[in-house]
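Here is a short briefing on one predicted model. Look at the sequence and structure first, then read the points by topic.

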Amino acid sequence: MVIKVFLASSSGSTAIKKKQQDVVGFLEALKVDYTQLDIACNEENRMWMRENVPEEKKPANGIPLPPQIFNEESYCGDYETFFDAKEDNSVYSFLGLPPPPGSKEAEQADMAHIVENGTHTEETNAEGNLDDSTEVPVEERNGDAHGEQAADEEEREGGEEEEVAEDEATEGETAGDEAPAEEEEAEEEEEAAEETDEVTEDTAHAVDEEEQEEEDLQSEEEEEDLEETQEEEAE
């Protein structure tokens with residue numbers, strides 16, 4: 001397939017020259033094979049272009065202006081439609097050519113196919129037949145992938161139940177440990193009370209002994225005073 005671009009090499013319009021350069025430059029950047037057909041120097045080219053542009057695509061005066069683009073005998077469009085296709089990354093579709101692998105237009109076509117059919121684009125070999133080298137995994141064909149997902153969910157649920165059971169057991173052990181601890185505290189309080197009573201008794205006994213010693217000491221002093229008084233009287 002050959003892309004034909006009808007141009008006017010000696011056009012006096014700056015706008016037409018700019019549009020022609022834009023189309024040619026973009027096709028060369030894409031490395032698209034094309035042929036330039038001059039309508040200014042070749043009457044046959046001018047007549048062929050005017051006759052093969054669809055009537056609905058012609059301007060009001062019926063005379064289409066260059067650049068006009070064809071794929072062999074099929075009309076692609078004028079500059080305006082070419083510019084729109086360039087902005088939409090759909091120039092290959094505009095030209096009626098398959099987009100090269102890896103191009104943005106090819107990626108967009110694959111995505112559109114996936115959205116439309118819900119599957120990836122089927123690969124073909126050099127002869128145009130379906131390529132059987134790319135196989136769908138058996139798990140996906142048989143639905144085992146969903147079964148594995150369900151099994152994973154059951155395992156997660158079982159793990160959660162085990163964690164709940166362990167937490168309950170831990171709480172029971174904690175409650176069991178609290179009871180002996182309370183008993184030990186009660187025993188310690190009783191022992192402390194007994195020790196306090198003993199200390200109190202010892203303190204009272206010591207006070208009694210001190211009072212008895214003071215009374216004995218006072219009696220001895222009184223006896224000494226009495227003896228001294230008697231000696232003085234005797235003298």
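The chain has a mean pLDDT of 77 (the predictor's confidence in each residue, from 0 to 100). Of its residues, 59% reach 70 or more. Confidence peaks in strand β3, at 98, and is lowest in helix α6 (residues 138-142), at a mean of 53. Helices (H or I, at least four residues) and strands (E, at least two) are DSSP runs, numbered from the N terminus.

**Basis**
- This is a predicted model: local features need pLDDT of at least 70, side-chain atom pairs count only at pLDDT 80 or more, and totals for chains, interfaces and linings use all residues.
- Residues are numbered from 1 along each chain as its sequence is written, and side-chain values use heavy atoms, with hydrogens and water left out.

**Sheet**
- Four strands make an open, mixed sheet in the order β2-β1-β3-β4; two strands pair if DSSP finds at least two bridges between them.
- β2 (34-38) and β4 are the edge strands, each with a single partner, so one side of each has no neighbour in the sheet.
- From one strand to the next, the twist averages 25 degrees. Axes are lines fitted to C-alpha atoms, for helices over the stretch in contact, and angles run from 0 to 180 degrees between N-to-C directions.
- β1 and β3 are antiparallel over four bridges, and K4 has F70 as its bridge partner in β3.
- Helix α2 (residues 43-52) packs on the sheet and touches β1, β2, β3 and β4. Its direction makes about 80 degrees with that of β3.

**The β3-β4 hairpin**
- β3 (residues 68-71) pairs with β4 in the antiparallel sense over four bridges.
- I69 has G77 as its bridge partner in β4.
- Two residues lie between the strands, and E72 takes a positive phi near 55 degrees.
- Four of the five residues of β4 (residues 74-78) are buried (under 20% relative accessible area, 1.4 Å probe, protein chains only), so the strand is largely enclosed by the rest of the structure.

**Nonpolar cores**
- A nonpolar core is a set of buried Ala, Val, Leu, Ile, Met, Phe, Trp, Tyr and Cys residues joined through side-chain atoms within 4.5 Å.
- The largest has 18 residues, and I3, L27, I69 and L95 have the most contacts inside it.
- β1 (3-7), α1 (14-29), α3 (79-87) and α4 (91-95) each give two or more residues to this core. α4 gives the most, with four.
- Beyond its neighbours within four places in sequence, L95 is in contact (heavy atoms within 4.5 Å) with I3, L27, V32, I69, N71 and C76.
- A second, separate core has eight residues, including L37, I39, M49 and F70.

Definitions and conventions:
Buried means under 20% relative accessible area, exposed over 50%, partly exposed in between (1.4 Å probe, protein chains only).
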